[in-house]
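User: I would like to go through the reasoning behind the labels on this model. Please keep the answers short.

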Amino acid sequence: MRLGIAVDSRMCMACYCCFTACKDEHCGYDTPLSAKQPMMGQYWINIREWERGDDSRRIKTATVPTLCAHCQEPECLEAAESGAVYKRPDGIVIIDPVKSKGQKQIADACPLGAVFWNEELEIPQKCTMCAELLDDPDYLSYLGDPSLKRPRCVEACPNRALIFGDLDDPNSEISRLVASQRFTPPEPIAGRETNVKYLNIPTVFLAGTVYRPPDEEEVFIGAKVTVEAGGETFTTETNYFGDWEIEWLPKNADATVTIEAPGYKPVTYKAKTDADHYVAMTYLERA
Ligand code: SF4
Ligand code: SF4
């Protein structure tokens, strides 16, 4: 059994319920696996948010709940002395709150910045995946069913942006979700095997709007838009508002955007995928 959490960025609406539940679970309480989290300054699950777009015609936000990835070959474990960090048989990575005293190098070693240094107690601290609850036979979760035990953040999420389960079981909900979605680990942990699976973190989009010739004063619905970038081809159609958008483009590529519609002259633009761009408002001309 390998326990993990899938973090689906598409579904997160930055409500901070997970953040609050984590605080509720860990602030002010020692557990068998962790010393109490200070009220301020530590975010064992944190919501990374950023604005997207370079033109008011297309603005979006991205939100990514970010927590320790429970790496299977973790740097924090390599940096630790005297067995202060260990990996459980279920794959959860734990920092021992006693053995880790004075070992600031454990916090410094994490490439994701997921470990916090507790100045007062002189210990590194991070997400335990609520293993103390998962281990507790008396903890039933608010659903009242021991088989539905899950970390508090997962339990609190109203939008199913966090899914918990056994990654070794190909039929588990988490395994099916991971298999069906874009696996997009944050750059510092790219290429590693982790038990927290980051899914659908946005890369870059290009967008625009297509209009019929000016004398028609109407948007163009159903124009074909093709973007070639980084050796790949992406296509879409303009929607009811004449808008188009292609998401998940490869970063830092030269892109060619082509807009076509039967009976109209095709239009081509050059663009870069260095960042999200609204490419153009395009008025098609009759062929
Ligand atoms: S994300 Fe950081 S703290 Fe978590 S297991 Fe990996 S190296 Fe350790
Ligand atoms: S509870 Fe769910 S939707 Fe709300 S911030 Fe956390 S992950 Fe996002």
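Analyst: This is a predicted model. The domain assignment splits the protein into domain 1 (3-199) and domain 2 (204-283).

User: How do you know that domain 1 and domain 2 are in contact?

Analyst: Contact requires C-beta atoms within 7 Å. On that basis, 7 residues from domain 1 and 8 residues from domain 2 take part. The centres of the two domains, taken over C-alpha atoms, are 38 Å apart.

User: Which element gives the largest share of the side of domain 1 that touches domain 2?

Analyst: Strand S2 (residues 45-55) does, with 4 residues.

User: What makes that side of domain 1 charged or nonpolar?

Analyst: Asp, Glu, Lys and Arg count as charged. The side of domain 1 that touches domain 2 has 6 charged residues, 1 polar residue and no nonpolar ones. On this count, that side is charged in 6 residues.

User: Why are S2 and strand S3 (residues 58-67) called paired?

Analyst: Pairing takes at least two bridges found by DSSP. S2 and S3 are joined by 9 bridges, so they pair. The two strands run antiparallel. Asn46, for instance, has Thr66 in S3 as its bridge partner. A hairpin of 2 residues leads from S2 to S3.

User: What makes a residue part of the surroundings of ligand 1?

Analyst: Its C-beta atom, placed from the backbone, must lie within 6 Å of the ligand. For ligand 1, there are 13 such residues. Cys68, Cys71, Pro74, Cys76 and Cys110 come nearest. The shell divides into 10 nonpolar, 1 polar and 2 charged residues.

User: Which residues come nearest to ligand 2, and how does its shell divide?

Analyst: Ligand 2 has 14 residues around it, and Cys12, Cys15, Cys17, Cys18 and Cys157 come nearest. Its shell holds 13 nonpolar residues, 1 polar residue and no charged ones. Cys counts as nonpolar here, so these five names fall in the nonpolar class.

User: How do you know what share of the protein is buried?

Analyst: A buried residue has 20 or more other C-beta atoms within 10 Å of its own. Of the 287 residues in the protein, 38% are buried.

User: What share of the contacts joins residues 24 or more positions apart?

Analyst: Among contacts with a separation of 6 or more, that share is 55%.

User: What are the overall dimensions and the element counts?

Analyst: The C-alpha atoms fill a box of roughly 75 × 40 × 35 Å along the principal axes. The protein has 6 helices and 16 strands.

Technical notes: Residues are numbered from 1 along each chain as its sequence is written. Chains are lettered from A and ligands numbered from 1 in the order in which they are written. This is a predicted model: local features need pLDDT of at least 70, side-chain atom pairs count only at pLDDT 80 or more; totals for chains, interfaces and linings use all residues. Domain bounds come from an automatic or database domain assignment. Two residues are in contact if their C-beta atoms, placed from the backbone, lie within 7 Å. A residue is buried if 20 or more other C-beta atoms lie within 10 Å of its own, exposed if 12 or fewer, and partly exposed in between; C-beta atoms are placed from the backbone.
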